[in-house]
Amino acid sequence: MALDRLTGRPTLVNLWATWCGPCREEMPLLQEAYAHHGEQVRFLGVDVQDAPDAARWFLDEHGVDYPHAVDADGELLRLLGVRGLPVTLALDADGRVVDRVVGQLTSAELQRLIDALLRSGGA
């Protein structure tokens, strides 16, 4: 998965899995942020090393409707040099990682990432 292809507008990328408790707990925050900022900031969930059926069920069950991709073998996680989930990346409009949070997001951390993306000029 090439993050540098996510260009044209700021992007928030969240790596998650259904087997990750903190990932499931932060998902409503991400969905709410998408509902408020989805016009200015692209949201992309990346389901990592997970069962596709479980992921689809989880997203449907929780009303998560921003786009998702699948990283079945954990390649992106390895490229980032991170061992655990969740991971949230803030990419500027040129596809460069400008900030990241490793671990479960708080509301304040998520707002900080979104504010940084909105200031990054591409929004």
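Is Asp99 buried, partly exposed or exposed? In this predicted model, select Asp99 to begin, and it counts as partly exposed, with a relative accessibility of 23%.

Keep Asp99 selected and add Arg112, since the side chains of these two residues meet in a salt bridge with an N to O distance of 2.3 Å. The pair joins distant parts of the chain, for Asp99 lies in strand S5 (residues 97-102) whereas Arg112 belongs to helix H4 (residues 107-119), and the two are 13 residues apart. Arg112 is likewise partly exposed, at 38% relative accessibility.

Next, select Asp92, Asp94 and Arg96, which are linked in a network of salt bridges. The side chain of Arg96 meets that of Asp92 at 2.9 Å, N to O, and it also meets the side chain of Asp94 at 3.2 Å, again N to O. Colouring these residues by accessibility shows Arg96 as partly exposed, with a relative accessible area of 48%, and Asp94 as partly exposed at 47%, whereas Asp92 is buried because its relative accessible area is 7%, under the 20% cut-off. In the whole structure, a search finds 4 salt bridges, among them the contacts of Arg96 with Asp92 and of Asp99 with Arg112.

For the last stop, select Cys20 and Cys23, which form a disulfide with their sulfur atoms 2.3 Å apart; the structure's count comes to 1 disulfide. If you display the torsion about the S-S bond, you will find a value of 80°, and the link between Cys20 and Cys23 is right-handed. Both ends of this link are buried, Cys20 with a relative accessible area of 4% and Cys23 with a relative accessibility of 0%.

Note on methods
Residues are numbered from 1 along each chain as its sequence is written. This is a predicted model: local features need pLDDT of at least 70, side-chain atom pairs count only at pLDDT 80 or more; totals for chains, interfaces and linings use all residues. Side-chain values use heavy atoms; hydrogens and water are left out. A disulfide is a pair of cysteine sulfur atoms within 2.5 Å. Buried means under 20% relative accessible area, exposed over 50%, partly exposed in between (1.4 Å probe, protein chains only). Helices (H or I, at least four residues) and strands (E, at least two) are DSSP runs, numbered from the N terminus.
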